[in-house]
Amino acid sequence: MKITHTTQDMEKYKGDMITYFVHQQGKKVPVCDNKFVQDTVKLAFKAGDFSGKEGETLLFYPSGQGKLPAKRVLVIGLGKAEEGKSNNGATPSDVWRDNYRRAGGKVSETARKTRTEKILVVVPASFILDKQETIECISEGLILGAYQFRKYKKTKEEDETPGTIKEILLFTEKANKAVLQGLNRGKNAALAGCAARDMANEPGNVWTPTRFAEFGRKLARTYNFTCKVLSKTDMLRFKMGGILGVNSGSAQPPKMVILEYRTAPRNPTLLLVGKGLTFDSGGISLKPPKGMEEMKFDMCGGAAVLGAMQAIGEEKPKNINIVAIVPATENLPGPSALKPGDIITIYGGKTIEVVNTDAEGRLILADALAYGIKQYKPKAVVDLATLTGAVIIGLGHHRTGLLSNDDELARKILAAGDRCGEPLWRLPLGPEYSKQIKSKVADIKNVGNRAAGTITAAAFLQEFVGETAWAHLDIAGTAYNFTDKPYTTQNGPSGIGVRTLLELVRKWK
Ligand code: BES
Ligand code: MN
Ligand code: ZN
């Protein structure tokens, strides 16, 4: 799909659909720039069908009436202009940003339903956001909302809907730097999110640890990153007992993918770590069959980190060095698999009693965190992982769980998530939780009891970050089946975390 900007007379647009955004005006008719569209909006309003409420759509066919040559006209409601109150930490501007994103998503959703291929989107003036942000958010919503994964659908069904969007033009009266920059930012962020969705949509037999390594190398070639891929031999040499232990039941070789984006040595380093578990069967502590196919999504943390690196490669932020690490393996119950009761040693020497082989994410992350911190001495570390089912019980599919040993870093991440429509909620850490993972036979064990499962998982990771400022994002509830919005794919991967990380980097310092 192509998305570009235009200033050409929109009323002459001959494509498949022209779209306008309008605000709800209480008891009055919503106002639209175009007089002809306004007449129809008025009729729809009088009929009680359309008031400009957030998420409402009005679709009609102007052909023959001679006013607009486009095949379809779509009017999208944005809600009341004075609405957009702060909400659970999100500012009014954050709320509007997501409103525009959802509106963009609604355009794509409607276009796909009607099998519209070419769209002209008339960018509205916002009451709160500037032009750049308006365009940024609308284009993000358009691109994320147009996403589809049809690679393995080889036979075309007769009445196949939805269709595929081919071209989107964004119309503004003038083209200036703000307009183009807004489009660029939105595009970068959304395409990186789509890249993460693509990795996650690939099945476990295709998206193996080796594929993670290949993707990392490709990013490095494209954007001039340094890429190192630790092999099993390297892991043995480094005594990375966590990832090696988890990998021992699998026939696929493990990989630890490391990308370095370097500016100047005096700049601080941010370390990003993403769980790249390409399929989680639970291992010997085997999961029940129902829904197990979803465990191909257990690599979404790794996908988010590499997706973010793609956007970082495009934008090349100054004043920051970024290192990304993705520990990648399957968790399968092969003949030499890790067993409950086994004791393993993580990079750096801490010993772990493995009580449950299904708590594998923390084992591979422990090696990656300990190694990354030792090797790169980062100013801050952020890890993303589909780590616990418990976070879904606590926060549902609407918010990512955030746990951190640093209030400043936590605040930055909460703000970044709110700005990009990927909200998080912070949970506590503390010695009372860490106590739950004390072991009788090793330094710690890999599971506590049932209570506070998300927190004890984070408490486990905390053992490997020392004094470094660190934040952990538990995305088990948001990486797929993410909260219902027009630009998120239900039943599919959301690409969560990519835009939060990008926003964090854009706003760094
Ligand atoms: N990958 C799972 C967590 C998960 C659950 C992700 C549901 C997405 C949806 C993780 O490896 C896991 O199995 N966690 C266990 C931990 C338990 C054994 C302490 C869990 O949450 O049940
Ligand atoms: Mn597991
Ligand atoms: Zn897992």
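**Exercise 1. Identify which residues come nearest to ligand 1 in this predicted model.**

Solution.
- Start with the surroundings: 17 residues lie around ligand 1. Those that come nearest are K287, D298, D358, E360 and G389.
- Sort the shell by class. Seven of its residues are charged, six nonpolar and four polar.
- Place the ligand: the space that ligand 1 takes up is the largest pocket.

**Exercise 2. Find polar atoms of the protein that pair with ligand 1, then state how much of the ligand is buried.**

Solution.
- Take K287. An N or O atom of the K287 side chain is 2.8 Å from an oxygen atom of ligand 1.
- Take D298. Here a nitrogen atom of ligand 1 lies 2.8 Å from a polar side-chain atom.
- Now the backbone. A polar backbone atom of L387 is 3.4 Å from a nitrogen atom of ligand 1.
- Turn to area. Ligand 1 exposes 520 Å² when taken alone, and the protein buries 78% of that.

**Exercise 3. List the protein donors of the manganese ion (ligand 2) and classify its site.**

Solution.
- Collect the donors: D280 (OD), D358 (O), D358 (OD) and E360 (OE). They lie 2.0 to 2.2 Å from the manganese ion.
- Read the spacing along the chain: D-x77-D-x1-E.
- Check the angles. The six donor atoms of the manganese ion give 69 to 166°. The site is irregular.

**Exercise 4. Repeat the analysis for the zinc ion (ligand 3).**

Solution.
- Collect the protein donors: K275 (NZ), D280 (OD), D298 (OD) and E360 (OE). Their distances from the zinc ion are 2.0 to 2.4 Å.
- Read the spacing along the chain: K-x4-D-x17-D-x61-E.
- Recall the reference: ideal angles for six octahedral donors are 90 or 180 degrees.
- Check the angles. Among the six donor atoms of the zinc ion they run from 78 to 176°. The zinc site is octahedral.

**Exercise 5. Which residue bridges the manganese ion (ligand 2) and the zinc ion (ligand 3), and how far apart do the ions lie?**

Solution.
- Look in the manganese list: D280 (OD) is a donor there.
- Look in the zinc list: D280 (OD) appears there too.
- Conclude: D280 bridges the two ions, which lie 3.2 Å apart.

Notes: Residues are numbered from 1 along each chain as its sequence is written. Chains are lettered from A and ligands numbered from 1 in the order in which they are written. This is a predicted model: local features need pLDDT of at least 70, side-chain atom pairs count only at pLDDT 80 or more; totals for chains, interfaces and linings use all residues. Side-chain values use heavy atoms; hydrogens and water are left out. A residue is near a molecule or strand if one of its heavy atoms lies within 4 Å of it. A polar contact is a pair of N or O atoms within 3.5 Å; within protein, one must be able to donate a hydrogen and the other to accept it, and residues adjacent in sequence count only if both atoms are side-chain atoms. Accessible areas come from the Shrake-Rupley method with a 1.4 Å probe; for residues, only the protein chains shown count as cover. On a 1 Å grid over the protein atoms alone, a cavity is a set of points where a 1.4 Å probe fits but cannot get out, and a pocket is an open set with protein on both sides within 12 Å along at least five of seven lines; lining residues have an atom within 4 Å of a point. A molecule sits in a cavity or pocket if more than half of its atoms lie within 2 Å of its grid points. Ala, Val, Leu, Ile, Met, Phe, Trp, Tyr, Cys and Pro count as nonpolar, Asp, Glu, Lys and Arg as charged, and the others, Gly among them, as polar. Donors are N, O and S atoms within 2.8 Å of the metal (3.2 Å for Na, K and Ca); water is not among the atoms, so sites may look incomplete. Four donors count as tetrahedral if all angles lie between 85 and 135 degrees; four count as square planar and six as octahedral if opposite donors are over 155 degrees apart and all others between 65 and 115; anything else is irregular.
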